[in-house]
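Here are a few friendly notes to read alongside the structure. Take them one at a time, and find each spot in the 3D view as you go.

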Amino acid sequence: MIYLDHNATTPLHPKVFDAMIPYLKEHFGNASSYYRIAREARAAIENARKKAAECIGAKPDEIVFTSGGTESDNLALRGAAHALRKKGNHIITSSIEHHAVLNTCKNLEKEGFNITFVPVDSNGLIDPDDIRKRITSETILMSVIAANNETGVIQPLSDIGAIAREKGIIFHTDAVQAVGKIPVQVETISADLLSFSGHKFYGPKGVGALYIRKDTPITPILTGGHHEYNLRAGTENTAAIVGFAEAASIAVSSLEEMSPQMAALRDRLEKRIMETIDGVKINGLNAPRVPNTSNISFSSIDGESILLHLDLKDICASSGSACTTGSPEPSHVLSAMGLTLMDAQSTVRFSLGKENTEDEIDLTVEALIEIAGKLRKISSITV
Amino acid sequence: MDANPTESPQQWGPILFYNETLIDHFSNPRNVGEMTEDEANGYSLISDPSCGDQMKLWIKVVANRIVDIKFKSFGCPGAIASSSMMTVLARGKTIEEAKRLTDDDVIEGLGGIPERKKHCSLLGVGALHEAIKDYEQREISRKKK
């Protein structure tokens, strides 16, 4: 198998697995209980909190553990919007957010909030000035994705965050695809809220975190016991939290080494595809991108058809079109970048990981040459 | 949850399970190609506006029977496989028989298609009916001459 879908999920790092095991076995205590095995669980969680905080330049008590990126986004947006409702009802976000933000905003719209979806240019970039122009006296919250899951395009977060800070608006960023791929420091980008997720950086699924800058107004969305500073009720998933922090720590500390390696592999993939296959376009090519992601349109052939041919060769990638999920709409991200319906439908995303090799990249390119040839022979559209 | 995922793939979230027949028609589509104006006497070009799939179809009708059929298609695996299956079913049929072909016949021929991909199977049959219409109109104008 050649696995090139690391933006979907990553395999568990062996060291992370080892770190988790004791908390699934002998250290099973409820971290809120009184006795020794409970105190061990508590200590592990607080140690994890410290580690996770260090990864993004935060303080330990600014980290709340959640069930993943989606819950972090929900807590950030619903929590801040509800806490600030009396101050205003306007929220600014972008047109290329992950569905966890997009659909949460649409839900808040039904609750009476006004949402502005800021567009992107053909490179997938938001213009910070565009955001500034849309701020009103009612604006309480801004949410901008750090790095896009489909294209890997990195937004000018420092500029956007500075505007929010200047105007006294709470700033959230969905950094699920950024943490572990590029350096992310909450102070550099003036973030008040930042979502990240364990399984995107070789940690376990079902665990994430939300950074909440001290004194940020926020109300919980899950109510119950006094866990996680009263912001996220529910007995802590000790093993997952330990795994999350271990994975974050390994990913962030190996960034300097991994980042050029990823970029070299990604560039090799793109260069060879461009050299050998006609009618190919790399989306977001002229914008800053995370080093592992490549989003490519193969004109006149359907993305899902490429994916199935790749799957038959045991190569895992993902499609830019939501048609793989049975929904015929094209990707909202690619549409926002101005791609035609047909180009959006012809897109495949390759997201590389640390275990990928040059040989795997070359085999993938060979497979793509064959697949593109085969599908273009069938295609009713000429390149 | 005791349902067998292979029996009802559509109940198992967005993952689409294609069966072997469908994958075979996708990997080795039958009757792919084009026909020239001289070779074909029926042609259609149709697209599915909901998902951007497109199909071109050529038929050659001799003595009221489809003796040759060729297609080209831009689309997902469901669209390619159902186009291929449609040509297999249509080849050799009389015009009247071909007109009676439905998307259900194509789906049955493929041994089933995921629920959310059913709209793809309409493309092939739609193209066939349009090509037959084109043939019939050509026949009318030919006879007038």
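1. Start with the loop of chain A that joins strand E10 (293-298) to helix H9 (303-312), where you will find Ser300(A). Keep in mind that this is a predicted model. Most residues other than glycine have a negative phi. Ser300(A), however, has a positive phi, near 70 degrees, and is not a glycine. Is Ser300(A) buried or exposed? Ser300(A) counts as buried, because it has 21 C-beta neighbours inside 10 Å and the cut-off for buried is 20 or more.

2. Now look at Ala63(B), another residue that is not a glycine but has a positive phi, this time about 50 degrees. Ala63(B) also sits in a loop, the one between E2 and E3 of chain B. Its surroundings are sparse in the count: with 6 C-beta neighbours inside 10 Å, Ala63(B) counts as exposed, since 12 or fewer is the limit for that class.

3. Next, helix H2 (residues 77-90) of chain B. How far apart should the ends of its 14 residues be? At 1.5 Å a residue the expected span is 20 Å, and the end C-alpha atoms are indeed 20 Å apart, so the two values agree. H2(B) is mostly covered, with 13 of its 14 residues buried. After H2(B) comes Gly92(B), with a positive phi near 90 degrees.

4. H2 of chain B also takes part in the meeting of the two chains. Here 22 residues of chain B are in contact with 18 residues of chain A. On the chain B side, helix H1 (20-27), strand E2 (54-62), strand E3 (65-74) and H2 each supply at least two residues. That side of chain B is made up of 12 nonpolar, six polar and four charged residues.

5. Finally, a helix pair within chain A. Two packed helices are described by the angle between their axes and the distance between the axes. For helix H2 (residues 36-55) and helix H7 (residues 238-253) of chain A, the axes come within 8 Å and cross at roughly 30 degrees. Why is H2(A) called roughly parallel to H7(A)? The crossing angle makes the pair roughly parallel, because angles under 35 degrees fall in that class. The crossing of H2(A) past H7(A) is left-handed. Among the residues that meet are Ala41(A), Ala44(A) and Ile45(A) from H2(A), with Ile241(A), Val242(A) and Phe244(A) included on the H7(A) side. The residues of this contact are 12 nonpolar, two polar and one charged.

Key. Residues are numbered from 1 along each chain as its sequence is written. Chains are lettered from A and ligands numbered from 1 in the order in which they are written. This is a predicted model: local features need pLDDT of at least 70, side-chain atom pairs count only at pLDDT 80 or more; totals for chains, interfaces and linings use all residues. Axes are lines fitted to C-alpha atoms, for helices over the stretch in contact, and angles run from 0 to 180 degrees between N-to-C directions. Helices (H or I, at least four residues) and strands (E, at least two) are DSSP runs, numbered from the N terminus. Angles under 35 degrees count as roughly parallel, over 145 as roughly antiparallel, 65 to 115 as roughly perpendicular and the rest as oblique. A crossing is left-handed if the near helix is turned anticlockwise from the far one by less than a right angle, and right-handed if clockwise. Two residues are in contact if their C-beta atoms, placed from the backbone, lie within 7 Å. Ala, Val, Leu, Ile, Met, Phe, Trp, Tyr, Cys and Pro count as nonpolar, Asp, Glu, Lys and Arg as charged, and the others, Gly among them, as polar. The expected span of a helix is 1.5 Å times one less than its number of residues.
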